[in-house]
Amino acid sequence: MKYTSPKKYYSGFEKELVHSLKTVIDSDNLILGKQLEQFEDSFARANHSKYCIGINSCTDALMMCLIASGIKQGDEVITTSITAPATIISIIHAGAIPVIVDVAAPTFCICTNAIQAAISTKTRAIVPVHLHGFPAEMEQIVRICKTNNLLLIEDCAQASGAIYKGEFVGNFGIASAFSFYPTKNIGCLGDGGAVITNNKLISKKIKSLRFYGFEEDGKIRDPGFNSRMDELQAAFLNVLLPDLDNRNNKRVSYAKKYHDIFGNYTHFLPPLIEGAVYHQFPLRVPNRKKFINKLNSYDLQVGIHYPYTMSHHPAFQKYCSNIKVAEKVVNEFVSIPIQPEILDNDFTKISNIILKCLKEQ
Ligand SMILES: *Cc1c(COP(=O)(O)O)cnc(C)c1O
């Protein structure tokens, strides 16, 4: 049984979404119009940030954050070994060299000691990822960036709405990138992404980069990209954004329930951390195959995020140093259902099945 699907998420808003499609058709303006302006305003405000720029994906958003911040060919950018390949791809397409380092317990976000060890004379930036909705160790990362004069660009694709020590993620560095891929904490009905920043110049530069490189006088000096968020996706997001907090709260409440229900077995669980938004809830199970087979025999589908570290991808192997922790935990991760569209009744059923299988582990 598949308990989670974008269909379940969106069908709860079907009327409003269909209505917003009609609004966009009637507006006769499909690119760079009022819907996008409204979304950028609301998303900036939701994140307590000054500027938001709607982009067609988080991959492009990250790449343009790097380019707009002045990353040049051959610069080194330190990032993490457990993430979506998009993080690494965006660094490569910005012309930089990814330096991929190990992760650390309990969240398995980037390891701050490993960052320190990887800094060279060519290092220009750090791209931490708030993995699975857990904020990375921002206090130490901000300190490392200040001490070494490095740019900080956060990959917030999995962490819309997450808070680290009282502050929304995405506000710690020069700019940050979000994804609205349908399974993210807030999704649109296709591809979508955004940059948030508190820096006016960066905001202007990214607005130009997403639109071929046009500047205010209509001329192009630095060639850009075609990477705008279109009006239709912005209109859908205007319907869905007001529900983000509810959805995140539901994820948090399910995370707490798992901790309550699994009592003696909480060593298999990811931690409860204030401000996390539980994009995924990855158990760590040493004998994963047997465990998943058992769950499947009860008709419960689970996921693995991710089955590979970046070192397993032939394209990225050469950028990885010693990533022993990452290589161990990716063999143990099992993402159990945490999506807010799961009904309370189903959640009880799901947790009973998982508890039974954990006991037999
Ligand atoms: C999903 C994801 C991305 C890519 O987002 P797109 O909008 O699909 O380009 C980048 N980084 C992380 C950590 C992600 O989870």
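Which residue of strand 10 does Glu 154 stand opposite? In this predicted model, the residue facing Glu 154 across the strand pair is Ser 176. This pairing is a handy way into the sheet, and the description below starts from there.

The sheet as a whole is open and contains 7 strands, arranged in the order 1-11-10-7-6-2-3 with mixed pairing. Its edges are formed by strand 1 (51–55) and strand 3 (97–101), each of which pairs on one side only. From one strand to the next, the twist averages 25°. Helix 8 packs on this sheet and touches strand 1, strand 10 and strand 11 (193–197). The direction of helix 8 makes about 15° with that of strand 1. As a general point, strands of a sheet pair through backbone hydrogen bonds, in either a parallel or an antiparallel sense.

Strand 7 covers residues 151–155, and 5 of its 5 residues are buried. In a regular strand, side chains alternate between the two faces of the sheet. Both faces of strand 7 are covered: Leu 151, Ile 153 and Asp 155 lie on one side, Leu 152 and Glu 154 lie on the other, and all of them are buried. Towards strand 10 (residues 175–179), strand 7 is joined by 3 bridges, and the two strands run parallel. Towards strand 6 (residues 123–127), the pairing is also in the parallel sense, over 2 bridges. Here Ile 126 has Leu 152 of strand 7 as its bridge partner, while Ala 125 stands opposite Leu 151. Strand 6 and strand 7 also belong to a right-handed β-α-β unit, together with helix 7 (residues 138–148).

Moving on to strand 6, 4 of its 5 residues are buried, so this strand is largely enclosed by the rest of the structure. Strand 6 is joined to strand 2 (residues 76–80) by 4 bridges, and these two strands run parallel. Within this pair, the bridge partner of Thr 79 is Val 127 in strand 6.

The helices offer a further view of the packing. Helix 4 (residues 58–68) packs with helix 8 (residues 200–209) at an angle of about 125°, and their axes are 9 Å apart. The two helices are therefore oblique to each other, and their crossing is right-handed. On the helix 4 side, the contact is made by Met 64, Cys 65, Ile 67 and Ala 68. Helix 8 contributes Ile 202, Lys 205, Ile 206 and Leu 209.

One residue of helix 8 can be followed in detail, namely Lys 207. Is Lys 207 buried or exposed? The relative accessible area of Lys 207 is 39%. Because buried means under 20% and exposed means over 50%, Lys 207 counts as partly exposed. Leaving aside residues up to four places away in sequence, Lys 207 touches Glu 40 and Ile 53. Glu 16 lies 191 residues from Lys 207 along the chain, and the C-alpha atoms of these two residues are separated by 29 Å.

How values were computed
Residues are numbered from 1 along each chain as its sequence is written. This is a predicted model: local features need pLDDT of at least 70, side-chain atom pairs count only at pLDDT 80 or more; totals for chains, interfaces and linings use all residues. Side-chain values use heavy atoms; hydrogens and water are left out. Buried means under 20% relative accessible area, exposed over 50%, partly exposed in between (1.4 Å probe, protein chains only). Two strands pair if DSSP finds at least two bridges between them. A crossover is right-handed if, with the strands pointing away from the viewer, the path from the first strand over the helix to the second runs clockwise. Axes are lines fitted to C-alpha atoms, for helices over the stretch in contact, and angles run from 0 to 180 degrees between N-to-C directions. Angles under 35 degrees count as roughly parallel, over 145 as roughly antiparallel, 65 to 115 as roughly perpendicular and the rest as oblique. A crossing is left-handed if the near helix is turned anticlockwise from the far one by less than a right angle, and right-handed if clockwise. Contact means heavy atoms within 4.5 Å.
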